[in-house]
Amino acid sequence: MADSESENYVEGNTYHHEDFETVEPLSAHHSENGQEIPEQDEEVTTTNSLGGTWLKNVDPRAPTLEQDLTLLLDLIYWRDVRKTGVVFGSMLLVLLSLAFFSLLSVLAYLSLAILTVTLSFRVYKNIMAAVQKTSDGHPFKQYLDLDITLKEEKVSRVTHTVLQHINRSLLELRRLFLIEDLIDSIKFGLLLWVLTYVGAWFNGMTLIILLVVAIFTLPKVYETYKVQIDNYVNMARNQLNTVLAQVQSKVPFLKKKAKTQ
């Protein structure tokens with residue numbers, strides 16, 4: 001076929017040069033729909049369907065409050081037995097030490113023990129590097145490069161949460177001490193009376209140790225025996241409600257007043 005006919009044959013099909021149109025290359029700063037593409041060093045923000053920006057200057061790798069709560073629950077429920085054992089054992093050891101020694105002595109001995117371990121390991125690695133004629137660098141380099149500074153955003157979020165709980169507790173204590181509800185104040189008084197006996201039996205450090213042990217044991221026990229525990233709790237609650245109903249029926253002024261809307 002002559003070149004003047006301007007035809008190409010591809011697998012039996014005939015194509016003319018007129019059938020093709022020239023495609024201009026995209027600009028380095030524009031996409032297919034004509035929108036400008038920012039340079040690499042320009043700030044990029046993500047927009048949602050409402051036109052607002054989100055995730056601006058936010059590190060997606062930064063842990064959130066939900067992630068911290070999930071990590072705490074994993075420790076309490078023994079999801080990783082070795083990790084929870086290390087945390088629980090360390091806390092229990094420190095608390096038991098504080099029960100027999102002063103805070104300053106515990107801090108000094110604990111710091112001295114850590115320093116002894118790290119110094120011994122550093123000297124051991126240096127000797128091994130000299131004998132084997134290798135250069136492995138600092139043995140704690142990954143920990144030295146680790147960022148342990150407190151983030152302002154995280155501290156502000158935790159402070160805000162703690163402040164909310166403190167305000168709610170203050171409002172509840174004011175309600176109980178000023179007898180806003182007679183039944184609730186009487187219950188609170190009975191609780192304080194019981195705490196006087198608890199304080200006579202245990203000191204503050206013993207109560208903290210028992211609290212830590214309860215935190216790391218009771219949730220796991222409840223998770224394992226949830227059905228049986230719920231049955232006994234419901235039975236005790238029904239009995240208590242029955243007794244309270246009988247007392248309130250015999251003593252009319254103990255009945256709760258309906259709150260006005």
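The questions and answers below concern the nonpolar core and the aromatic pairs of a predicted model.

In this predicted model, local features need pLDDT of at least 70 and side-chain atom pairs count only at pLDDT 80 or more, while totals for chains, interfaces and linings use all residues. Residues are numbered from 1 along each chain as its sequence is written, and side-chain values use heavy atoms, with hydrogens and water left out.

Me: Which helix gives the most to the largest nonpolar core?
Reply: A nonpolar core is a set of buried (under 20% relative accessible area, 1.4 Å probe, protein chains only) Ala, Val, Leu, Ile, Met, Phe, Trp, Tyr and Cys residues joined through side-chain atoms within 4.5 Å. The largest one has five residues, F88, L95, I209, V212 and F216, and helix 2 (81-100) and helix 7 (204-224) each supply at least two of them. With three residues, the one that gives the most is helix 7.

Me: Is the ring pair of W193 and Y197 stacked, tilted or edge-to-face?
Reply: Rings of Phe, Tyr and Trp (its six-membered ring) pair if their centres lie within 6.5 Å, and planes under 30 degrees apart count as stacked, over 60 as edge-to-face and the rest as tilted. The centres of W193 and Y197 are 5.3 Å apart and their planes stand at 85°, so the pair is edge-to-face.

Me: Is W193 buried, partly exposed or exposed?
Reply: Exposed means over 50% relative accessible area, and partly exposed lies between that and the buried limit. W193 has 52% relative accessibility, so this residue counts as exposed.

Definitions and conventions: Helix = DSSP H or I, 4+ residues; strand = E, 2+ residues; numbered from the N terminus.
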